[in-house]
Amino acid sequence: MTDTPISEMTFEAAMRELEKVVGQLERGDVALEDSISLYERGAELKKRCEAKLKEAEEKVAAITLDGDGQPTGTTPVEGQ
């Protein structure tokens, strides 16, 4: 696990760590208390990944197209 707070992780870093957490939980060789901690961390990592994906979707959705479907610029996304 990294020392980087989840709130500061990139999508890729959060996804890598989430994959590690899932792997540990799937193996089932972790003590119950550790499993609970891992599950909670995994839930926070999943939340971070979802938030970063939503940010990316909003940026992509803000690209404006002309009548032929060609990009012509961007429209500011609300809240960005």
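Here is a short chat about the core and the salt bridges of this predicted model.

In this predicted model, local features need pLDDT of at least 70 and side-chain atom pairs pLDDT 80 or more, while totals for chains, interfaces and linings use all residues. Residues are numbered from 1 along each chain as its sequence is written, and side-chain values use heavy atoms, without hydrogens or water.

Reader: Which helices each supply at least two residues of the largest nonpolar core?

Author: That core has 8 residues: Ile6, Met9, Ala14, Leu18, Val21, Leu38, Leu45 and Cys49. A nonpolar core here is a set of buried Ala, Val, Leu, Ile, Met, Phe, Trp, Tyr and Cys residues joined through side-chain atoms within 4.5 Å. Buried is under 20% relative accessible area, exposed over 50%, partly exposed in between (1.4 Å probe, protein chains only). With helices and strands taken as DSSP runs numbered from the N terminus (H or I, at least four residues; E, at least two), the suppliers are helix 1 (11-27) and helix 2 (32-61).

Reader: What does leucine 18 touch, leaving out residues up to four places away in sequence?

Author: Leucine 18 belongs to the core. Counting contact as heavy atoms within 4.5 Å, leucine 18 touches Gly42, Leu45 and Lys46.

Reader: What is the N to O distance in the salt bridge of glutamate 50 and lysine 46?

Author: Both sit in helix 2, 4 residues apart, about one turn. Glutamate 50 is partly exposed at 43%, and lysine 46 likewise at 44%. A salt bridge needs a Lys or Arg side-chain nitrogen within 4 Å of an Asp or Glu carboxyl oxygen, and this pair meets at 2.7 Å.
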